[in-house]
Amino acid sequence: MPNFFVTERYRGTANFTNERNVWRLRVTDTETNKVVKEVEVPSRNVDTAITRAKDMARKWEKDNA
């Protein structure tokens, strides 16, 4: 049974930037290893940032399938 909550092709990652005190969320295409979307967002903790990055990856895969 496939897992519908994890994307196969796109991966969402979150990195904290100290200089601007924000999270940089990226969606990466795992086949070409290129960043397809990148945004900076404020977030209070790492769990929220990771969840938002994974949500971005799911949305990107849904919109570009």
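## Close-up views of a predicted β-β-β-α chain

**View 1. The whole chain, with its surface and its elements.** About 5,000 Å² of the chain is exposed, and carbon and sulfur atoms supply 50% of that area. Please keep in mind as you look around that this is a predicted model. The chain has 65 residues, and 26% of them are buried. One helix and three strands are found here, and from the N terminus on they follow the order β-β-β-α. Among contacts with a separation of 6 or more, 31% link residues that are 24 or more positions apart.

**View 2. An open sheet of three strands.** The strands line up as β1-β2-β3, with antiparallel pairing. At the edges sit β1 and β3 (34–41), each of which pairs on one side only. From one strand to the next, the twist averages 20°. The helix α1 packs on this sheet and touches β1, β2 and β3, and its direction makes about 145° with that of β1. As a general reminder, strands of a sheet pair through backbone hydrogen bonds, either parallel or antiparallel.

**View 3. Where β1 meets β2.** Here you can follow two antiparallel strands, β1 and β2, joined by eight bridges. Two facing pairs make handy landmarks: Gly12 stands opposite Val27 in β2, and Phe16 stands opposite Trp23 in β2. Four residues lie between the strands of this hairpin, and Asn21 takes a positive phi near 60° there.

**View 4. The largest nonpolar core.** Ten residues build this core: Tyr10, Ala14, Trp23, Leu25, Val27, Val41, Ala49, Ala53, Met56 and Ala57. At least two of its residues come from each of β1 (10–17), β2 (22–29) and α1 (46–63). Which element gives the most to this core? That is α1, with four residues. Such a grouping will look familiar, since in soluble globular proteins nonpolar side chains tend to be buried together.

**View 5. Ala14 and its surroundings.** Zoom in on one member of the core, Ala14. Once neighbours within four places in sequence are set aside, Ala14 is in contact with Trp23, Arg24 and Leu25, and also with Ala49, Ile50 and Ala53.

**View 6. Arg24 and two glutamates.** Arg24 is part of strand β2. Which side chains make polar contacts with the side chain of Arg24? One is that of Glu38, at 3.1 Å, and another is that of Glu40, at 2.9 Å. Looking past neighbours within four places in sequence, Arg24 is in contact with Thr13, Ala14, Asn15 and Thr17, as well as Glu38, Val39 and Glu40.

**View 7. Asp29, a charged residue name worth a second look.** This residue, Asp29, lies in strand β2. Is Asp29 buried or exposed? Asp29 counts as buried because its relative accessibility is 5%, and the cut-off for buried is under 20%. The side chain of Asp29 shares a polar contact of 3.5 Å with the side chain of Thr32. Apart from neighbours within four places in sequence, the residues in contact with Asp29 are Arg9, Tyr10, Lys34 and Val36. Of these, Tyr10 also belongs to the largest nonpolar core.

Methods: Residues are numbered from 1 along each chain as its sequence is written. This is a predicted model: local features need pLDDT of at least 70, side-chain atom pairs count only at pLDDT 80 or more; totals for chains, interfaces and linings use all residues. Side-chain values use heavy atoms; hydrogens and water are left out. A nonpolar core is a set of buried Ala, Val, Leu, Ile, Met, Phe, Trp, Tyr and Cys residues joined through side-chain atoms within 4.5 Å. Buried means under 20% relative accessible area, exposed over 50%, partly exposed in between (1.4 Å probe, protein chains only). Contact means heavy atoms within 4.5 Å. A polar contact is a pair of N or O atoms within 3.5 Å; within protein, one must be able to donate a hydrogen and the other to accept it, and residues adjacent in sequence count only if both atoms are side-chain atoms. Accessible areas come from the Shrake-Rupley method with a 1.4 Å probe; for residues, only the protein chains shown count as cover. Two strands pair if DSSP finds at least two bridges between them. Axes are lines fitted to C-alpha atoms, for helices over the stretch in contact, and angles run from 0 to 180 degrees between N-to-C directions.
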